[in-house]
Amino acid sequence: MVETDKAGQQDTPKKHNAFLSALNSIDKSLGWIEKTVISVCVLAMALLMSAHVVGSLLFNRGIPGTYEVTEMLIIIITFVGVGYAARCARHIRMSAIYDMLGDRPRKILMITLCIGTAILMFYFAYKSAQYDMALYGRGRVSSSLNIPLWTINLALPIGFTLAGIQYVLTTLRNLFSEGIYRSFSEKEEFSELPLDDSGETHTPDGPMGP
């Protein structure tokens, strides 16, 4: 019986490690997609605006539709960036009450907040998808280039869905790992305060992110 119990205990960490490895692969894949989309949009916007300014100065003629395309790229960057900010734990946090709690209550609160935020993100994705379908049905296009607006507004449901997935991954990370994680890959850590007059460092009672 003792050997059987030990074997079962050894199998459990292996299953957890395999599960977390699978989630890590999903997280990295989503991160690559987000970074690629954001990088391409920022680069395209910079090149387009630069070419427009140069054309206006040298040839007295800019690139038609530059401002319209720039606005569309900003929409894509903003909403795809929601998922990327959640993945990197760079979103705004109001943690006055959270920082006063102990380790276990903080972890429970973190899991609760991640579940609630994930539900909210998926709800936003659903409502934005409905809005996008309405744009598609009406056949609305942009004023200068006649680009179908529904193609640009796809960034809304996609971005909210990516953010929701990140919060689900953070929830699972906290459920199956020791410590507290602000995102799937960002662990909550303590930072030492600067030296005081006595030459000693102090660690704050509450968590401080990097």
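Which residues form a nonpolar patch on the surface, and about how much accessible area do they have together?

## Nonpolar surface patch

In this predicted model, the patch is formed by Val 53, Val 54, Leu 57, Leu 58 and Phe 59, whose accessible area together comes to about 560 Å². One of these residues, Val 54, belongs to helix H1, which covers residues 2-59. Val 54 has a relative accessibility of 44% and is therefore classed as partly exposed, since that class lies between the 20% limit for buried residues and the 50% limit for exposed ones.

## Aromatic pairs and their cluster

When the whole structure is searched, four aromatic pairs are found. One of them joins Tyr 123 to Phe 124 in a tilted arrangement, with 6.3 Å from centre to centre and 45 degrees between the planes. Both partners can be placed by their accessibility: Tyr 123 is partly exposed at 46% relative accessibility, and Phe 124 is partly exposed at 33%.

Phe 124 also pairs with Phe 160, and here the ring centres are 5.4 Å apart while the planes meet at 55 degrees, so this pair is tilted; the reasoning rests on the angular range for that class, which runs from 30 to 60 degrees. The contact connects distant parts of the chain, because Phe 124 sits in helix H3 (residues 103-138) and Phe 160 in helix H5 (residues 155-176), with their positions 36 residues apart along the chain. Phe 160 has a relative accessibility of 13% and therefore counts as buried, whereas Phe 124, at 33%, is partly exposed.

Taken together, ring pairs gather Phe 79, Tyr 123, Phe 124 and Phe 160 into a cluster.

## A charge over a ring

A contact of another kind involves Arg 173 and Tyr 181: the charged end of Arg 173 is placed over the ring of Tyr 181, at 4.4 Å from the centre of that ring.

## Ile 33 in helix H1

Helix H1, which holds Val 54, also contains Ile 33. With a relative accessible area of 39%, Ile 33 is classed as partly exposed. Along the chain Ile 33 and Tyr 84 are 51 residues apart, and in the model their C-alpha atoms are separated by 9.5 Å.

Notes: Residues numbered from 1 in each chain as written. Predicted model: local features only at pLDDT ≥ 70, side-chain atom pairs only at ≥ 80, totals over all residues. Heavy atoms only, no water. Patch = residues over 30% accessible without salt bridge, like charges linked within 9 Å, V, L, I, M, F, W, Y side chains within 5 Å. Areas by Shrake-Rupley, 256 points an atom, 1.4 Å probe, with all protein chains shown as cover. Salt bridge = Lys/Arg side-chain N within 4 Å of Asp/Glu carboxyl O. Helix = DSSP H or I, 4+ residues; strand = E, 2+ residues; numbered from the N terminus. Buried < 20%, exposed > 50% of the residue type's maximum accessible area, 1.4 Å probe, protein only. Phe/Tyr/Trp six-rings, centres within 6.5 Å; stacked < 30°, edge-to-face > 60°. Lys NZ or Arg CZ within 6 Å of the ring centre and 35° of its normal.
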